[in-house]
Amino acid sequence: MNSLVPISRFNKGEANKIFEEVRETGFKIVLKNNTPTCVLLTPEAYEQMLETIENYRLLVEAEKRHEPSWLLQD
C-alpha cells in the first residue's frame with residue numbers, strides 16, 4: 001500500500017516530495033476518490049517496460065516464424 005498516493009497530496013503542494021518517492025521506489029499509483037487514476041513511473045522504469053514489451057513482441061513473431069508449415073495451413 002506504500003505505492004498509493006492520494007491526489008489530495010498534489011493539491012497540498014507535495015508534488016516534489018511525491019516525485020522523490022517515485023525516484024526511490026520506481027513508481028506510485030495516484031488515487032482519485034479512492035480509485036486508481038494514473039501511475040507515475042521513473043523514466044528508467046518506463047523505458048524498461050517499453051523494452052520488455054518490444055522483446056515480447058519480437059519473441060512472439062519469432063515463434064510464429066518457427067512453427068511447422070503444416071500447423072499454419074487451414
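In what order do the elements of the protein chain run from the N terminus on? With the whole chain in view, follow the path from the N terminus, and the elements come in the order β-α-α-β-β-α-α, which amounts to four helices and three strands. The radius of gyration is 20 Å, well over the 11 Å that the globule rule gives for 74 residues, so the chain is more spread out than a compact globule. Keep in mind throughout the tour that this is a predicted model.

**The whole chain**

Before selecting anything, turn the C-alpha trace along its principal axes, where the spans are about 65 × 25 × 15 Å. Buried residues account for 15% of the 74 residues, and the chain exposes about 6,300 Å², of which carbon and sulfur atoms supply 56%. If you then display contacts between residues at least 6 apart in sequence, 25% of these join residues at least 24 apart. Colouring by charge brings up 9 positive and 12 negative charges, whose mean positions are 10 Å apart.

**The strands**

Select residues 4-6, which are strand S1, together with residues 27-32, which are strand S2; these two pair in the parallel sense over three bridges. Within this pairing, pick Val5 and look across to S2, where its bridge partner is Val30.

Now add residues 35-41, strand S3, to the selection, and S2 is seen to pair with S3 in the antiparallel sense over six bridges. Two places in this pairing are worth labelling: Phe27, whose bridge partner in S3 is Leu41, and Lys32, which stands opposite Thr35 in S3.

**The turn between S2 and S3**

Move next to the place where S2 and S3 form a hairpin, with two residues between them. Asn33 is found in the loop between S2 and S3, and its phi is near 55°, a positive value in a residue other than glycine. Asn34 lies in the loop between S2 and S3 as well, and here phi is near 60°, again positive in a residue that is not glycine. Is Asn33 buried or exposed? With a relative accessible area of 70%, Asn33 is exposed, and Asn34, at 73% relative accessibility, likewise counts as exposed.

**Along strand S3**

From the turn, step into S3 and select Pro36, which has its place in that strand. Pro36 is exposed, its relative accessible area being 58%. Its contacts, leaving aside neighbours within four places in sequence, are with Ile29, Val30 and Leu31. A distance drawn from the C-alpha atom of Pro36 to that of Pro6 comes to 9.0 Å, although the two residues are 30 apart along the chain.

Continue to Cys38, whose place is also in strand S3. Which residues does Cys38 touch, not counting those up to four places away in sequence? They are Lys28, Ile29 and Val30. For Lys28, a C-alpha to C-alpha distance from Cys38 gives 8.5 Å, with the two positions 10 residues apart in sequence numbering. Cys38 has a relative accessible area of 35% and is therefore partly exposed, a class that covers values between 20% and 50%.

**From S3 towards helix H3**

The last stop is Thr42, which lies in the loop between S3 and helix H3, the helix of residues 43-65. Why does Thr42 count as buried? Its relative accessible area is 9%, and buried means under 20%. To see what surrounds this residue, display Val22, Arg23 and Gly26, which Thr42 touches when residues up to four places away in sequence are not counted.

To close, a view that keeps Asn33, Cys38 and Thr42 selected together sets an exposed residue in the loop between S2 and S3 beside a partly exposed one and a buried one.

Terms used
Residues numbered from 1 in each chain as written. Predicted model: local features only at pLDDT ≥ 70, side-chain atom pairs only at ≥ 80, totals over all residues. Heavy atoms only, no water. Pairing = 2+ DSSP bridges. Buried < 20%, exposed > 50% of the residue type's maximum accessible area, 1.4 Å probe, protein only. Contact = heavy atoms within 4.5 Å. Rg over C-alpha atoms; globule rule 2.2 N^0.38 Å. Areas by Shrake-Rupley, 256 points an atom, 1.4 Å probe, with all protein chains shown as cover. Lys, Arg positive; Asp, Glu negative; His and termini not counted. Charge placed at Lys NZ, Arg CZ, Asp CG, Glu CD.
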